[in-house]
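User: I should like to take a close look at one part of this structure. Please explain the part I ask about in connected prose suited to a first-year student.

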Amino acid sequence: PKFVYDFTEGNKDLKDLLGGKGANLAEMTNLGLPVPPGFTITTEACKVYLASGNEPAQMREEVSAHLAALEERMGKRLGQADDPLLVSVRSGAKFSMPGMMDTVLNIGLSDASVAGLAAQAGDERFAWDSYRRLIQMFGKTVLGVDGDLFEEALEEAKRARGAASDVDLGAGELKELVAEFKTIVAKETGRDFPQDAREQMDLAIRAVFDSWNGERAKLYRRQERIPGDLGTAVNICSMVFGNLGPAAGSLGGGTGVAFTRDPASGQQGVYGDYLQNAQGEDVVAGIRNTVPLAELERIDKSSYDELLRIMETLETHYRDLCDIEFTIERGKLWMLQTRVGKRTAAAAFRIATQLVDQGLIDEAEALQRVTGAQLAQLMFPRFDEHAKTELLGRGIAASPGAAVGKAVFDSYTAVKWSRSGEKVILVRRETNPDDLNGMIAAEGILTSRGGKTSHAAVVARGMGKTCVCGAEELQVDTKQRHMTAADGTVVEEGDLISIDGSTGKVYLGEVPVVPSPVVEYFEGRTDPAAAGADELVRAVHRVMTYADSTRRLWVRANADNAEDAARARRFGAQGIGLCRTEHMFLGERRELVERLILADTDAEREEALGALLPLQKADFVELFEAMDGLPVTVRLLDPPLHEFLPDITDLSVRVALAEARHEPHENDLRLLQAVHKLHEQNPMLGLRGVRLGLVIPGLFAMQVRAIAEAAAERRAGGGDPRAEIMIPLVGTVQELEIVREEAERVVAGVEAATGTALGLALGTMIELPRAALTAGQIAEAAEFFSFGTNDLTQTVWGFSRDDVEASFFTAYLEKGIFGVSPFETIDKDGVGSLVRSAVEAGRATRPDLKLGVCGEHGGDPESVHFFHEAGLDYVSCSPFRVPVARLEAGRAAA
Ligand code: PEP
Ligand code: MG
């Protein structure tokens, strides 16, 4: 293979090979934009190096050839004493990893060539400052010298001179500093700073390769879910200098960053910062104050005009927002980098529709420019941006949302206070599984330590709770029950704080929360077509329209009551994919179920069922009404038994107390014996779903009757009920056949009694591996399948869905075993492969088999794409996720 590409040889589509920076430098070069000449060493070379510890032999020769060509072109040699060619050696992976890997500037300077540079530039101070920077950067990143040693020496030199900043140091002082830096290098590494320019370059290339596996880079990749085996490219680029003072009769220079539009709002205009008389690293380091880019017009009109022209060229060419790094050397503009720029969620929607209006992209492309995750972000309530706030500090935006509550510093207090109706924010240094109850009780979670994959972050995201983690400026003292901000402000237990999980900001006091305008739109409370409608709402509306007209998947909702169903319908749901009937038995009805489960005699059981029937029927009537004309899949009872029985410990205590006090306790005792009998070590693998239906006579028949009678009643009232009956936790077709026979008998009875043909479909969940593996047989008895990917994930992995997220998942995520919980995003290789084969086997048996999914994955962006590809007919998710699923289904089909 070829390991080195000149900038003239690459293009923007070669990011895998040339990294993002290299590919875009090549693209700009080929567009005829002013890019300093150079070449890129491929990620393939990096991979060989990382695997074997050596650069591929051929790479060295290719580098030599490309360097020779570069020298020829520039009319000077690397490190040439009287007029040195200087280069930068920059990392550049496929995905941007800002600041995570190494870069070395000014390669080619040495004791000999520093004088040549001074003479050519006519600026001795500049030459020595450049040499100083080289030794510092090279010493730190290539030779591994502690960077503080250089910083301290620099500070000392400034102090001695009474200088406020680097710029106040003259050539003489800088020359002394260079000598001192060289001593530091020699002392720390046992070798002299290399004087040979090619050796400098080769060592710098290696250092960049090595930095791919630096700790910072590895951590960043895990957090951003970037694969660890991609490697980085290395860009060798001839140096241009924004810190070169003006030559006689010409302008000076500087360096800056720019965006072709505002990355926060999407508005077109001149956005960016400029720093005069500086090199790129000075902007990033924030040492001196930048000026708004618009100022450049006054400073250097011709460079400014050229920059604007280039920005327009880039935007039209990339058909997207670009961000840019540029340098002006003595009045000559150079482009050092461009890429399609990051943007806020709101800007993503605005920009996508703006570009459609400009004719730069079509609607299908617009769908690719936004994501369901961005839409979800826009649906959270947020803090009123006009409110006056007092910022306490900032952490990592770990789980979005806006939460307000009283600060509490331990889980116990969180639970206690929330039980008495207080809203609390749980503040901890870091959380661990013991904090779980407190996290559940809290409005939001704030920690001073840990990153995006810390326990707090992972668990909070799983619970959909607002979380800010790693707010290191905040000193949390859980013993004293307070925290101290950097400015000395102390927050005591009980003081109100507000945390913003979308920005990571932490405020003192209560910041008012406003509903999301996007939710107001989905709720039908704002009209996107009205004059003066919010521009974001208008953009979201348009993108949703594209998605709906593109998608093949239908989107249904998981809803158990009329209110949720109605909301889901407003949000665009095309039916209910899962009504969990056990949710209809919680609260005061729980006792009826308890009576049913514990019934000893047929009469007791009949009585319990008789009491449940009218309640169930009324529920279904409401639900069918809310979803009139749309399918409603009602799942028969599937409670893990322990959720419906009294707690065994509580009950034992009650019985023991009553015994001790010689109080009557026969009922409790009978209950306790029954609970003991039914107690299971693994309720999730126990008597639930279809098993319960087969064991408790009359239970499923009662539910089916309630569904059928409710449907008949709606029909009689002129409605259009479309009920589907779904059997949970089936493992074999025999189970389904037994239930089916009974259900058909009951339905036939209701149809005869009411004189109405109900057309009820009967199907099953596929949520056990055996069901998936025998899907061909099961399809004989099922008119539809709905994949229950929660239980399927639990049983395929052998992970308890109720326990793992709080126990060892953090460790798994940190170790990179998976980048995301398989309960959140479908495990394509394992669970997904069972889904695929079940789809195929099911359809082979019954070509018109309807197929859907109703596990949590139905609302997860990546999983929606998988279900589209797997050929399902619909996904079903919680009402709030319906818009996200609609959008992602559209993106999958576009
Ligand atoms: C499932 O297992 O994916 C499912 C939807 O059922 P439940 O979550 O109610 O077990
Ligand atoms: Mg299930």
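In strand E31, which residue is the bridge partner of Trp554? Please describe the surroundings of strand E24 as well.

Analyst: The model is a predicted one. The bridge partner of Trp554 in E31 is Tyr874. This pair belongs to the contact between E24 and strand E31, residues 874-877, where four bridges join the two strands in the parallel sense. As background, the strands of a sheet pair through backbone hydrogen bonds, and the pairing may be parallel or antiparallel.

Strand E24 itself comprises residues 554-558 and is mostly covered, since five of its five residues are buried. Its side chains can be sorted by direction: Trp554, Arg556 and Asn558 point one way from E24, whereas Val555 and Ala557 point the other way. Both groups are buried.

E24 also pairs with strand E25, residues 576-580, and here two bridges join the strands, which run parallel. Within E25, Ile576 is the bridge partner of Ala557. Between these two strands the chain passes through helix H21, residues 562-570, and the resulting β-α-β crossover is right-handed.

An antiparallel arrangement elsewhere offers a useful contrast. Five strands form an open sheet in the order E1-E2-E5-E3-E4, with antiparallel pairing. Strand E1 (4-6) and strand E4 (103-107) stand at its edges with a single partner strand each, so one side of each has no neighbour in the sheet. From one strand to the next, the twist averages 20 degrees. Within this sheet, strand E2 (residues 38-41) is joined to strand E5 (residues 232-238) by four bridges, and Phe39 stands opposite Ile236 in E5.

Notes. Residues are numbered from 1 along each chain as its sequence is written. Chains are lettered from A and ligands numbered from 1 in the order in which they are written. This is a predicted model: local features need pLDDT of at least 70, side-chain atom pairs count only at pLDDT 80 or more; totals for chains, interfaces and linings use all residues. Two strands pair if DSSP finds at least two bridges between them. Axes are lines fitted to C-alpha atoms, for helices over the stretch in contact, and angles run from 0 to 180 degrees between N-to-C directions. A residue is buried if 20 or more other C-beta atoms lie within 10 Å of its own, exposed if 12 or fewer, and partly exposed in between; C-beta atoms are placed from the backbone. A crossover is right-handed if, with the strands pointing away from the viewer, the path from the first strand over the helix to the second runs clockwise.
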